[in-house]
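Hi,

Here is the structure I promised to pass on to you. Please open it alongside this email, and my notes follow below.

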Amino acid sequence: MIERFAKRAPGASQGGPGKRRNTLLPLAVTAVLALTGCGESGTTELDNFRFGQVGEIRIQVVTPLAGRSGLMGELQQSLTWNSEGPWQLFESISYRGILGDAQLRSGTVDPGGYAELIIQLNDTPGLQLFVDELDPGLDPVCEGGDGRISFAVRDNLRNEESRWTRCTSEVLEKLSEASAGPDAAAARLVTASRRARDQTLGPGATYTYSGSVPFGTLDRGEVSQVSLELPIVFLGQPGPGGDTLPPSGWEQFWKDHTGSEDPPPEVAWSEDMVVVAAVGVRQEAGDSVEVHRILQVGSGTIVELHERVPGDFCSPAFQIHTPFHIVVAPLTPPGYRFSEIKVERVPCGA
């Protein structure tokens with residue numbers, strides 16, 4: 001079975017969260033160049049610096065995502081925050097061990113927020129991470145669909161790192177202390193992660209794959225051997241004895257698309273579907289299309305497409321092409337729709 005869809009007009013891009021400024025002045029860390037000396041008391045100046053005061057915080061949340069036969073996909077979210085203010089958020093989604101898509105965002109905030117959090121993690125009762133009840137050696141087995149959360153503090157002055165790993169049933173944007181385990185002290189990791197997240201991304205931040213079913217990329221690029229004017233969804237069709245057969249036209253589509261006689265990738269058509277994302281003919285090199293989310297809604301399924309185009313005042317080469325992104329995903333409710341295309345203008349040279 002093949003479903004084709006009318007093309008939607010491109011819409012304005014949705015910008016990421018704006019930069020947040022912390023009004024707290026950063027702690028004085030500019031004197032760290034002379035840390036090898038000793039004071040009159042015999043202690044090194046290094047002792048005056050809290051662990052991680054000059055360094056970075058790293059948070060990773062890995063969440064299993066369900067297919068039709070169990071946990072077959074994965075969402076990874078990694079946030080890194082440097083003591084000087086810069087942060088990066090890396091997100092990726094995969095299905096059946098196949099990467100579907102990955103995105104990297106970055107920004108800079110006032111380092112005062114980082115300094116404040118480091119003080120809390122070192123000194124504040126109830127928030128301290130360097131305590132006996134929060135064993136850094138614990139590496140729990142997370143069951144029942146729970147994911148894993150890791151929180152690390154890197155100290156550049158001491159050239160050391162402390163890291164804790166626990167379980168959570170929530171993704172980065174929805175972390176709650178009640179979701180953490182297996183020990184009660186795991187809630188401290190969630191509290192620290194939430195505060196770092198809100199200081200960098202902002203409490204109302206958007207996340208690339210929030211709510212999506214998992215998906216994996218079968219092929220993507222700017223040039224297909226067939227004219228991909230509209231998105232397509234390939235669905236398996238009933239066969240004899242209750243078997244599910246490949247969609248009619250799937251094998252021929254793949255051969256025409258690749259321009260070769262190689263067979264298409266194997267797909268478990270009784271459990272999965274294939275989505276072909278396309279936005280039609282483009283005339284500038286660098287145009288690309290990506291599937292970002294496949295959402296199950298009450299009336300069926302919505303596929304969100306994201307188009308990247310050269311930014312204003314760029315001078316891309318003239319190239320007639322049809323960008324595409326072909327993904328495999330678990331079967332979702334029928335009634336497939338493609339949302340208005342979100343357009344992102346990419347800076348020249350990026």
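To start with the charged side chains: how many salt bridges does the structure hold? There are 18 salt bridges. Please keep in mind as you read that this is a predicted model. As a general point, oppositely charged side chains can pair when their charged atoms come close.

Helix 2 is a good place to begin looking. Arg188, in helix 2 (residues 186–200), meets Glu133 through a side-chain salt bridge, at 3.3 Å from N to O. Glu133 belongs to the loop between helix 1 (112–123) and strand 6 (147–155), so this pair links distant parts of the chain, 55 residues apart. Are the two partners buried or exposed? Arg188 counts as buried because its relative accessibility is 16%, under the 20% cut-off. Glu133 has 46% relative accessibility and therefore counts as partly exposed.

Which residue does Arg194 pair with? Its salt-bridge partner is Glu177, and the closest N and O atoms are 3.6 Å apart. Arg194 also lies in helix 2, while Glu177 sits in the loop between strand 7 (160–168) and strand 8 (180–181), so the salt bridge ties together parts 17 residues apart in sequence. Both ends are partly exposed: Arg194 has a relative accessibility of 30%, and Glu177 has a relative accessible area of 31%.

Next, have a look at Arg197 and Asp198, whose side chains form a salt bridge at 2.9 Å, N to O. Arg197 is buried, with a relative accessible area of 7%, whereas Asp198 counts as partly exposed at 22% relative accessibility. Salt bridges with shared partners also join Glu56, Arg58 and Glu161 into one network.

Now for something without charges: strand 10, residues 232–235. In a regular strand, side chains alternate between the two faces of the sheet. Which residues of strand 10 lie on each side? Ile232 and Phe234 are on one side, and Val233 and Leu235 are on the other. All of these are buried, so both faces of strand 10 are covered.

Strand 10 also has a neighbour to find in the viewer. It pairs with strand 13 (residues 272–278) in the antiparallel sense, over 4 bridges. If you want a landmark for that pairing, Val233 of strand 10 stands opposite Val275 in strand 13.

Happy to talk any of this through once you have had a look.

Best wishes

Conventions. Residues are numbered from 1 along each chain as its sequence is written. This is a predicted model: local features need pLDDT of at least 70, side-chain atom pairs count only at pLDDT 80 or more; totals for chains, interfaces and linings use all residues. Side-chain values use heavy atoms; hydrogens and water are left out. Buried means under 20% relative accessible area, exposed over 50%, partly exposed in between (1.4 Å probe, protein chains only). Helices (H or I, at least four residues) and strands (E, at least two) are DSSP runs, numbered from the N terminus. Two strands pair if DSSP finds at least two bridges between them. A salt bridge is a side-chain nitrogen of Lys or Arg within 4 Å of a carboxyl oxygen of Asp or Glu.
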